[in-house]
Amino acid sequence: MSQTDTSASVFDGKAFVRTLTSAPGVYRMYAADGSVLYVGKASALDKRVASYFTKALPLRTQRMVSQIARMEVTVTRTEAEALLLENQLIKSLRPRYNVLLRDDKSYPYIHITAGEWPRIAFHRGSRAAPGRYFGPYPSASAVRDALDLMHKLFRLRGCEDSVFRNRSRPCLQYQIGRCSAPCVGLVSREDYHDSVRRAGLLLDGRGEELLGELGAAMEQASAALRFEDAARLRDLIADLRRLQARQYVEGGQAEMDVLACVVEQGTACVLLLCFRNGMNLGTRAFFPRTNGADAPEEVLGAFLSQYYLAQRPPREIVLSHAVPDAELLAAALSEQAGRRVELKTAVRGERARYLDLAMRNAQLALATERQSSANQRARLEALQELLGLESPPRRLECFDISHTLGEATVASCVVFDGEGPVRGQYRRYNIAGITPGDDYAAMRQALERRFRRAAEEGVLPDVLLIDGGRGQLAQARDVLDELGVRGVELVGVAKGEARRPGEETLIRPDGSELRPGGGSPALQLVQQIRDEAHRFAITGHRGKRQKLRETSRLEDIPGIGPRRRAKLLKHFGGLAGLRAAGVEEIARVDGVNAALAERIYAALHGLDSPGATAGQGGTR
């Protein structure tokens, strides 16, 4: 049930409170322009909302309350439901005064694929592909460190299947002792699968079991006079012992996160130290937007709900500060995890040492971030001076176009603010209905789509960078004029004659040119934004091009229509799973006979089709 006050004049908070229930729920505060000021939860809505209008408030809260034009509330059945709804609304509405966790990427895993010769690799996103997944890890660097260890200890392959299938001799990874070269048969299938199984034991935290197995294998090799094998196993055991001494936490199978929060002058850092199955998976620093909050307890409490309600929490979370509503948070996280989750602040022994380590690292990370923010502000001020703006730009956008000879054209739009890239607001535009290779038409289409929406939503950049010369800039100027968009500073970014960084020319709509040189902080900022737009466009273009080519490859197989194609992709979890399957597995899919399975396998692996003609294997 929802309730709203929509009065146009000064908001009467006390009158609104008299209409509220004492049930739990979520309240939302709106400014006169319709933007969301704050989202909060309450065990009793009337008492919580009344506290904003009947008590002395901190300065930040006073400022927020003075801007309220209307409020909305949503009643929930329980306080735990209110917590979940609050978290969802904060993520979707991005309120002006809430603490916001900026990172929105999915969490990284290690993936050991299925198949005859499993591959170990970094994975982010859907876990639909067959195989085993380990994680989530706190950061991409933690995954890469773990993968580096797996390659050194167990010599598992990390190459793509397309590379693996076409090797005729061992690659460099074999030469440096990081792969056993299964691609060319230098390791038996049995030995390779033993290595895969042992890697899984270590990633599962079953290190002692693995050490016992390796010790027994070493003794057997020594007794059989296979001294080279025994020496290799001895070295592996020694490496694992050193790893345990460095990484393991007391408590054997500890599943624990340690969180330390530091706030200084409006900037916050939350450092996560992660243990799973007793193993240290590494650290990660987060820098939430505090939006005026200066209490570590408030920042840490907001982090807990936004971070852990998006993924399965560990059994134990050690905190540097006691957070508000700790019991409610613990109950909500326990319900989500399906087991008990403890929040701890008073810890001793090794956990206290880990908390101290996390706190010191949080302080160092915050100092580095503040220095980076200071550099960003200096570059924005330099750009303000270069372009003659009244104030430093608060929002900058850059557009770029990417295609290959007109194929799979994609436009990108990246967004930067005073703190750097705002990746959650990046956009890609699939360009259609133009002459292939017409960059001007592609730019016009992307800008029309972006700024037609901006005219409705009112979100405009202070500076709009266009990657290109006068022609591209003219397209942007025409689009903004046609849509009646005002107040946007247009700048074209043209490469120098030798295309060397630092020699770019900045072109203004009036035709004037600026060449600030490579030492200019303003040009360095423009280069950073332009390069990010270029990277984002190329990534989207390559993905689109690959998808088009792979989909086309499946569609071109005689006997494969939309229904069979959908069945195949659903059965194998996508084209990668289908490509990894054998003929017999493909033939098990409903509606696919042996002849059609052979044609599918041949087409996906670049082999000669077994003499099939169009129409064999059934109708579309």
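## A tour from Leu 203 outwards

Select Leu 203 to begin: with a relative accessibility of 10%, Leu 203 counts as buried (buried means under 20% relative accessible area, exposed over 50%, and partly exposed in between, computed with a 1.4 Å probe on protein chains only). The model is a predicted one, in which local features need pLDDT of at least 70 and side-chain atom pairs count only at pLDDT 80 or more, while totals for chains, interfaces and linings use all residues. Residues are numbered from 1 along each chain as its sequence is written, and side-chain values use heavy atoms, with hydrogens and water left out.

**Stop 1: Leu 203 and its neighbours**

Leu 203 belongs to helix 8, residues 189-203. Helices (H or I, at least four residues) and strands (E, at least two) are DSSP runs, numbered from the N terminus. Now display the residues around Leu 203. Leaving aside residues up to four places away in sequence, Leu 203 touches Ile 110, Ile 112, Ile 120, Phe 134, Tyr 137, Met 150 and Asn 277; contact means heavy atoms within 4.5 Å. Add Gly 135 to the selection: its C-alpha lies 8.7 Å from that of Leu 203, although the two residues are 68 apart in sequence.

**Stop 2: helix 5 against helix 8**

Next select residues 140-154, which form helix 5. How do the axes of helix 5 and helix 8 cross? They come within 10 Å and cross at roughly 140 degrees, where axes are lines fitted to C-alpha atoms, for helices over the stretch in contact, and angles run from 0 to 180 degrees between N-to-C directions. The two helices are therefore oblique to each other (angles under 35 degrees count as roughly parallel, over 145 as roughly antiparallel, 65 to 115 as roughly perpendicular, and the rest as oblique). On the helix 5 side the contact is made by Leu 149, Met 150, Leu 153 and Phe 154, and on the helix 8 side by Ser 195, Arg 198, Ala 199, Leu 202 and Leu 203. Met 150 has already appeared among the residues that Leu 203 touches.

**Stop 3: the five-stranded sheet**

Move to the open sheet, whose five strands run in the order 10-9-8-11-12 with mixed pairing. Two strands pair if DSSP finds at least two bridges between them. Strand 10 and strand 12 (342-344) are the edge strands, each pairing on one side only. From one strand to the next, the twist averages 15 degrees.

Select strand 9, residues 267-276. Nine of its 10 residues are buried, so strand 9 is largely enclosed by the rest of the structure. On one side, strand 9 pairs with strand 8 (residues 256-264) in the antiparallel sense over nine bridges, and Leu 273 of strand 9 is the bridge partner of Val 258. Strand 9 also pairs with strand 10 (residues 279-286), again antiparallel, over seven bridges. Label two pairs there: Phe 275 with its bridge partner Asn 280 in strand 10, and Val 270, which stands opposite Phe 286 in strand 10.

**Stop 4: two positive phi angles**

Select Gln 265, in the loop between strand 8 and strand 9. The hairpin of these strands has two residues between them. Gln 265 has a positive phi of about 50 degrees although it is not a glycine. Its relative accessible area is 71%, so Gln 265 counts as exposed.

Then go to Asn 291, in the loop between strand 10 and helix 11 (296-308). Asn 291 likewise is not a glycine and has a positive phi of about 50 degrees, but its relative accessible area of 27% makes Asn 291 partly exposed.

**Stop 5: Arg 284**

Return to strand 10 and select Arg 284. Is Arg 284 buried or exposed? Arg 284 is buried, with a relative accessible area of 17%. A polar atom of its side chain lies 3.1 Å from the backbone oxygen of Pro 138.

**Stop 6: Asp 161**

Asp 161 is found in helix 6, residues 161-165. At 30% relative accessibility, Asp 161 counts as partly exposed. Select Ala 580 as well: the two residues are 419 apart in sequence, yet their C-alpha atoms are 8.0 Å apart.

**Stop 7: helix 2**

Finish at helix 2, residues 45-54. Seven of its 10 residues are buried, so helix 2 is largely enclosed by the rest of the structure. The buried residues are Leu 45, Asp 46, Val 49, Ala 50, Ser 51, Tyr 52 and Phe 53. To see what surrounds them, display helix 1 (13-17), strand 2 (25-30), strand 3 (36-42), helix 3 (59-66) and strand 4 (70-75), against which the buried residues of helix 2 pack.

Note on methods:
Polar contact = N/O pair within 3.5 Å; in protein donor to acceptor, adjacent residues only side chain to side chain.
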